[in-house]
Amino acid sequence: MSNTWRVYLLALVTFLVGTSEYVISGILDKISDTMGISVTSAGQLVTIFSFVYAIGTPILMALTAKVERQKLLVWALGIFVIGNVLSFVLPGYASFLAARVIMALGAGMVVVTALDIAAKIAAPGKQASAIATVVMGFTASLIIGVPLGRIVAAQFGWKTVFGILALAGLVAMFVLYAIIPRVQGDKPIPLSKQLAFLKNGNVALGLAITFFWLGGYSIAYTYISPYLLDVAGLKEGMLSGVLLAFGIASLLGSKFGGFSTDKWGVFPTLSGGMLLHVLALLLLSFTVTYTHSWLPIVILLILWSFAAWSSGPTQQVNLVRIEPNYSGIMLSLNQSMMQLSMAAGAAIGGIMVDRVSLSAITWVGMVGVAIAIVVVSFLRSRMSAGSQGSGEYLDEI
């Protein structure tokens, strides 16, 4: 098997992990109904998962730095499988929260290790595309995982979704063991030294871009199902199809982001994608308020998803190229920041839903992405001045 196909296999594994995280947004109302909790409380399942992922991943990756990557990937996937099994068999909200914690610990290690392996086995000059492919797997869960999860939940109950994920993860463990080559781990670096990278102004700004971009996205996306049903007025029968279209757009956006980064560079791709992201949310807010037609709403949802996820692979490359000798640490820090931003976004979105209205989430999300655009401009200025950056990275400005 060629390394190209191995990268696609890694993308398939991150698809499973992404589904376990994102599917909550697609079945939020059903979890709320069956457990007898508020939509906001159900939304905090995203916050818990993302927060544990963010805090646990760098610690676990530091502790397992010497472990050979293929072996680590298989064991991490095993932890993820256990979390899904517990989600399927245990009753009650508290038990589900505990299972989400276990699931998140495994998921974080799976994604970071898969990204690291992909970057190391990629052909010369194809690192960005390999990373984009693995990220594509994660975002592809929006395409298939979320709408399929919605369908499964409607037919067999939402817990069945996690039973299916557990079985798929178990199969993937055996396939990974047989097919993924042995890849040496990085030189062990203490967690304190990893956090010391935050003192690098360019690293801190790069991570801030992730926080505001994805945080703004998460504020709106976490509550996408109730938003489309209650605010936009879409029918239940349309929701799975709309989520499918939304997911396809995320895949296309992610692939375009990798292509654009290789061809035009990091900063043009980030700036253009985020400006389109803000425009899509602005137009969506007005359209939902002033029209009752579903077609323009769906078109704008597609535009929003495409724009949002075009920034995904670009941000991975952005952080790696700031500190190219510590790619594993940069990927880990960025994954942690992505999850922290999603946790914050879900929490802020919940506050908006409780204290303002469901319709407020797109407006507040827009502000987050706008702040990210400002940070992109600031980082670009620093890099163009040559401060603390690598010459290789300056070529991408």
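# Exercises on a predicted helical model

Let's warm up with one contact: the charged end of K159 sits over the ring of F96, 5.9 Å from the ring centre. Keep in mind that this is a predicted model. Now try the exercises, then follow the solutions step by step.

## Exercise 1: The overall build

Find out how many helices and strands the protein chain has, and decide how its radius of gyration fits with the globule rule.

**Solution.**
- Step 1. Count the elements: the protein chain has 16 helices and zero strands.
- Step 2. Compare the radii. The radius of gyration is 20 Å, close to the 21 Å that the globule rule gives for 397 residues, so the chain is as compact as a globular protein of that length.
- Step 3. Add the outline: along the principal axes, the C-alpha atoms fill a box of roughly 50 × 45 × 35 Å.
- Step 4. Look inside. Buried residues make up 59% of the 397 residues.
- Step 5. Turn to the outside: the accessible surface is about 14,900 Å², and 70% of it belongs to carbon and sulfur atoms.

## Exercise 2: Two aromatic pairs

Classify the pair Y22 and W309 and the pair F256 and F259 by the angle between their planes.

**Solution.**
- Step 1. Recall what is needed: a pair of aromatic rings is described by the distance of the centres and the angle of the planes. The whole structure holds 18 aromatic pairs.
- Step 2. Take Y22 and W309, which lie 6.2 Å apart centre to centre with 75° between the planes. Planes over 60 degrees apart count as edge-to-face, so this pair is edge-to-face.
- Step 3. Place these two residues: Y22 is in helix 1 and W309 in helix 13, 287 residues apart, so the pair links distant parts of the chain. Both Y22 and W309 are buried.
- Step 4. Take F256 and F259, with 6.5 Å between centres and 45° between the planes. That pair is tilted.
- Step 5. Place this second pair. F256 and F259 are three residues apart in helix 11 (residues 236-264), so about one helical turn separates them. F256 has a relative accessible area of 35% and is partly exposed, and F259, at 45%, is partly exposed too.
- Step 6. Widen the view: Y22 and W309 belong to one aromatic cluster, together with W213, Y217, Y221, F246 and W304.

## Exercise 3: The nonpolar cores

Which residues have the most contacts inside the largest nonpolar core, and which helix gives the most to this core?

**Solution.**
- Step 1. The largest nonpolar core has 118 residues, and L228 and W304 have the most contacts inside it.
- Step 2. Helix 5 (residues 93-121) gives the most, with 14 residues.
- Step 3. Zoom in on L228. Not counting residues up to four places away in sequence, L228 touches G233, L234, L239, V242, I297 and L301.
- Step 4. Apart from the largest core lies another, of nine residues, including F197, I322, M330 and L333.

## Exercise 4: Buried or exposed?

Decide whether N84 is buried or exposed, do likewise for G258, and list their contacts beyond four places in sequence.

**Solution.**
- Step 1. N84 is found in helix 4 (residues 69-89). Its relative accessibility is 0%, so N84 counts as buried.
- Step 2. The contacts of N84 are S20, M103, F162, L165 and A166.
- Step 3. G258 is found in helix 11. With a relative accessible area of 3%, G258 is buried.
- Step 4. The contacts of G258 are A132 and P313.

Definitions and conventions
Residues are numbered from 1 along each chain as its sequence is written. This is a predicted model: local features need pLDDT of at least 70, side-chain atom pairs count only at pLDDT 80 or more; totals for chains, interfaces and linings use all residues. Side-chain values use heavy atoms; hydrogens and water are left out. Rings of Phe, Tyr and Trp (its six-membered ring) pair if their centres lie within 6.5 Å; planes under 30 degrees apart count as stacked, over 60 as edge-to-face and the rest as tilted. Helices (H or I, at least four residues) and strands (E, at least two) are DSSP runs, numbered from the N terminus. Buried means under 20% relative accessible area, exposed over 50%, partly exposed in between (1.4 Å probe, protein chains only). A charge sits over a ring if NZ of Lys or CZ of Arg is within 6 Å of the ring centre and within 35 degrees of the ring normal. A nonpolar core is a set of buried Ala, Val, Leu, Ile, Met, Phe, Trp, Tyr and Cys residues joined through side-chain atoms within 4.5 Å. Contact means heavy atoms within 4.5 Å. The radius of gyration is taken over C-alpha atoms; the globule rule is 2.2 Å times the number of residues to the power 0.38. Accessible areas come from the Shrake-Rupley method with a 1.4 Å probe; for residues, only the protein chains shown count as cover.
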